[in-house]
Amino acid sequence: MFDFPRAIPDERGCGDREPGGVYAESGLSPYGSPLEYFLFDPPLPLPAGVDLVNKPQLWQRVDPASGEPVLDGETGRPVYDLLIHIGAEHYPHAIDYIEETRRLGASRRLNANLDLSLLTRRSRMLLAHPKAIIVPWRDLTLPEWCYKRLPRHDLASYALLGLDAAAAQTDEARMGPCIFKLWDVLKGDEAMEVFEQEGQRPLCLRKIGSTIYEYRPTGEEVKDWEPGFILGLPITGIALIQYADGTVNEKAKAKLLVGMTQNEDMALPFYETDK
Amino acid sequence: MPRKPKQQSLLEGDVQQVDEKLLALLQRLGITALPPHETMLLPLERMVVPGAALLTRPAARLVKSIQKVGLLQAPALVLLSGTTPHDPEATFEVVLGRRRILAARMAGLSVVKCEVYASGTPQLGALLGLIENEQRSAAWIKEIEDLRRLIDEGVGMTPGDLADFGFHRGTLAERLKIVRLPHPILTSILAGKVSQEVAKRIARLSPAQQEQVAQRVREGEDITANLITGVLRVQINTGLVPAQTALAQAWAQLPEPSAHPMAGNGHTIPVATVGVTPLVDASDGALSPAQVLAILERFEPQTSANPALSRVGILARVLIKELQIAVRASPLTPTSTTETQEREVTHV
């Protein structure tokens with residue numbers, strides 16, 4: 001039987017999935033690509049006027065060059081993406097969500113009233129967080145590594161280019177803000193455990209939901225943030241969470257079944273589960 | 001999972017709780033003492049309730065309560081016409097207690113006790129109107145008008161001042177954006193021609209787009225939901241160009257999708273974070289993740305009993321959690337796959 005990657009239903013920063021809920025997933029697979037591929041580096045500012053808080057939105061994809069709607073080469077139908085906000089009340093820091101996704105995959109609740117039949121395998125989730133962009137990034141030191149290997153983003157790049165990393169704060173050609181700086185500026189006192197290590201920055205463990213991840217703070221503090229998109233993930237499927245009697249949100253299911261008919265090979269798979 | 005918050009009224013809490021702050025704010029407004037006012041018994045027919053048509057109907061229990069015990073808190077009025085409050089032809093505008101006056105009318109009262117303020121204190125009128133914490137959805141236009149009066153009259157109040165005074169920050173910020181819309185749009189809003197939802201969307205437009213809408217209003221076009229939605233869509237599409245471009249570039253850099261069915265029909269590329277090595281027992285004598293997990297699960301309980309191992313215990317628990325996920329996530333782990341299929345219904 002054909003199968004597809006699913007998100008792992010372990011405890012998340014936003015709690016457990018709710019009965020009757022409809023969740024867009026980006027599942028884990030040994031045949032996929034590392035999470036870093038899907039990070040926006042630098043994080044991208046939210047368009048003026050977009051209002052995503054508690055409102056995941058379906059957005060028709062437009063060709064940046066022509067301004068015309070993008071049509072799926074397979075179906076000839078417009079492509080729709082999901083714009084989703086990650087709330088700071090559940091994920092105080094953008095990296096909380098990134099690290100959780102690295103471990104469990106992504107699972108974001110959708111409004112069942114959205115026309116889910118428009119989503120296809122071509123659709124993506126664009127995820128935004130209120131603390132995505134470090135406004136005074138030029139005042140901060142370079143991150144040790146930019147895992148997207150972007151030039152003038154990190155210490156490694158400055159070393160390769162033979163540039164003086166100590167002068168990065170005054171280098172007008174420096175690029176950023178590098179998303180990997182987000183791990184540096186998370187404060188040590190937000191960790192569940194701190195391991196002091198001689199000659200190195202402290203190793204901190206932070207817990208979000210059931211996920212525990214490590215980071216090494218530099219001690220730099222950021223007070224000025226802007227919201228932005230941090231991740232652009234493929235949607236691998238939709239999870240319909242069952243009520244106690246085993247049924248699911250029938251309205252959402254009906255739309256997904258319509259999508260399976262009209263989108264044929266490009267249709268998004270879905271499954272019903274109790275968790 | 002996050003839920004949509006309830007719409008907040010502009011002022012949180014009871015008006016009684018802000019009386020001290022009111023005095024401080026009056027000083028900021030340049031009013032060193034409360035304006036002259038007196039308590040009077042006035043006929044309801046001489047009172048004008050601004051925005052009465054937009055106010056929600058007073059609750060039946062409020063009407064019943066007024067029928068039984070009358071108005072416990074005197075509404076505040078300002079002189080609207082007439083030379084003095086004692087002029088028998090004078091009329092009054094209700095600035096505080098509009099719903100109570102409407103309820104008193106429904107309760108069949110003919111006169112009520114009121115606090116009558118001298119005219120000529122427009123800032124106070126606006127402020128008292130804002131403070132009135134009985135405003136509900138339809139009264140938003142009056143809130144806008146009151147805010148506009150406070151701003152137009154050069155009081156110099158900042159959102160921070162108002163927030164300190166007890167106003168809900170989020171709603172206030174939204175209302176202030178609406179107040180600052182170009183004049184033709186604001187006029188349409190105050191005339192009740194634009195719904196609150198559309199007004200909020202206009203406030204999300206960039207200044208240039210707002211000016212374009214204002215020009216269309218000047219040319220006689222009505223502000224419709226479709227018009228604003230279209231303009232907003234174009235603006236957001238423009239703002240999404242960097243994201244679309246970045247995604248297109250990222251996709252172009254990815255390797256060709258694997259032919260394996262777990263790669264999703266060759267079209268979507270799932271996130272891979274688990275190891276690419278199959279999680280089966282190794283034949284070369286090395287431990288498999290499942291074996292390491294079993295060992296750690298046996299070891300971890302000892303760490304809580306021994307203080308010297310407390311920090312090791314933390315790391316052990318992290319490793320256990322990660323190994324549990326890795327073992328469960330593996331498509332080659334027979335037990336987890338079987339269990340999953342029993343409880344799930346898959347549609348592909």
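Biologist: How many helices and how many strands are there in chain B?
Modeller: This is a predicted model, and what can be said of chain B therefore rests on computed coordinates. Of the 348 residues in chain B, buried ones make up 26%, and among its contacts between residues at least 6 apart in sequence, 71% join residues at least 24 apart. The count of elements in chain B is 14 helices and six strands.

Biologist: Which elements of chain B have the lowest and the highest mean pLDDT?
Modeller: For chain B as a whole the mean pLDDT is 71, with 61% of its residues reaching 70 or more. Over residues 257-282 of chain B the pLDDT is below 50, although this stretch has 83 contacts in the model beyond near neighbours in sequence. Where pLDDT is low, the predicted coordinates should not be read in detail. Among the elements of chain B, the lowest mean, 39, belongs to helix α14 (residues 334-343), and the highest, 91, to helix α10 (residues 207-218).

Biologist: How many contacts beyond four places in sequence does the model have for residues 330-341 of chain B?
Modeller: Over residues 330-341 of chain B the pLDDT stays under 50. For the complex, the predictor gives an ipTM of 0.80 and a pTM of 0.68. The number of contacts beyond four places in sequence for residues 330-341 of chain B is eleven.

Biologist: What covers the buried residues of α3(B)?
Modeller: Helix α3 (residues 98-106) of chain B is mostly covered, with seven of its nine residues buried, and these include B:Arg98, B:Ile101 and B:Leu102. Just after α3(B) comes B:Gly108, which takes a positive phi of about 90 degrees. Among the elements of chain B that cover the buried residues of α3(B) are β2 (47-48), α2 (60-69), β4 (91-96) and β5 (111-117).

Biologist: Is A:Lys207 buried, exposed or partly exposed?
Modeller: A:Lys207 is placed in strand β9 (residues 203-208) of chain A, and beyond four places in sequence A:Lys207 is in contact with A:Met192 and A:Ile212. A:Glu193 is 14 residues from A:Lys207 in sequence and 9.3 Å from it in space, C-alpha to C-alpha. Because 15 other C-beta atoms lie within 10 Å, A:Lys207 is partly exposed.

Biologist: Which residue of β6(B) is the bridge partner of A:Glu272?
Modeller: Strand β13 (residues 270-273) of chain A pairs with strand β12 (residues 237-241) of chain A in the parallel sense over four bridges, and A:Ala239 stands opposite A:Tyr271. Together with helix α4 (residues 250-263) of chain A, β12(A) and β13(A) make a right-handed β-α-β unit. Three bridges also join β13(A) to strand β6 (residues 345-347) of chain B, and these two run antiparallel. There the bridge partner of A:Glu272 is B:Val345.

Biologist: Where does the largest nonpolar core lie with respect to domain 1 and domain 2 of chain A?
Modeller: The largest nonpolar core has 91 residues, and those with the most contacts inside it include A:Met125, A:Phe229 and B:Ile185. Leaving aside neighbours within four places in sequence, A:Met125 is in contact with residues including A:Ala24, A:Leu82 and A:Ile235. Apart from this core lies another, of 17 residues, among them B:Ile66 and B:Phe92. Because domain 1 (22-134 + 227-273) and domain 2 (137-222) of chain A both give residues to the largest core, that core lies between them.

Technical notes:
Residues are numbered from 1 along each chain as its sequence is written. Chains are lettered from A and ligands numbered from 1 in the order in which they are written. This is a predicted model: local features need pLDDT of at least 70, side-chain atom pairs count only at pLDDT 80 or more; totals for chains, interfaces and linings use all residues. A residue is buried if 20 or more other C-beta atoms lie within 10 Å of its own, exposed if 12 or fewer, and partly exposed in between; C-beta atoms are placed from the backbone. Two residues are in contact if their C-beta atoms, placed from the backbone, lie within 7 Å. pLDDT is the predictor's confidence in each residue, from 0 to 100. Two strands pair if DSSP finds at least two bridges between them. A crossover is right-handed if, with the strands pointing away from the viewer, the path from the first strand over the helix to the second runs clockwise. A nonpolar core is a set of buried Ala, Val, Leu, Ile, Met, Phe, Trp, Tyr and Cys residues joined through C-beta atoms within 7 Å. Domain bounds come from an automatic or database domain assignment.
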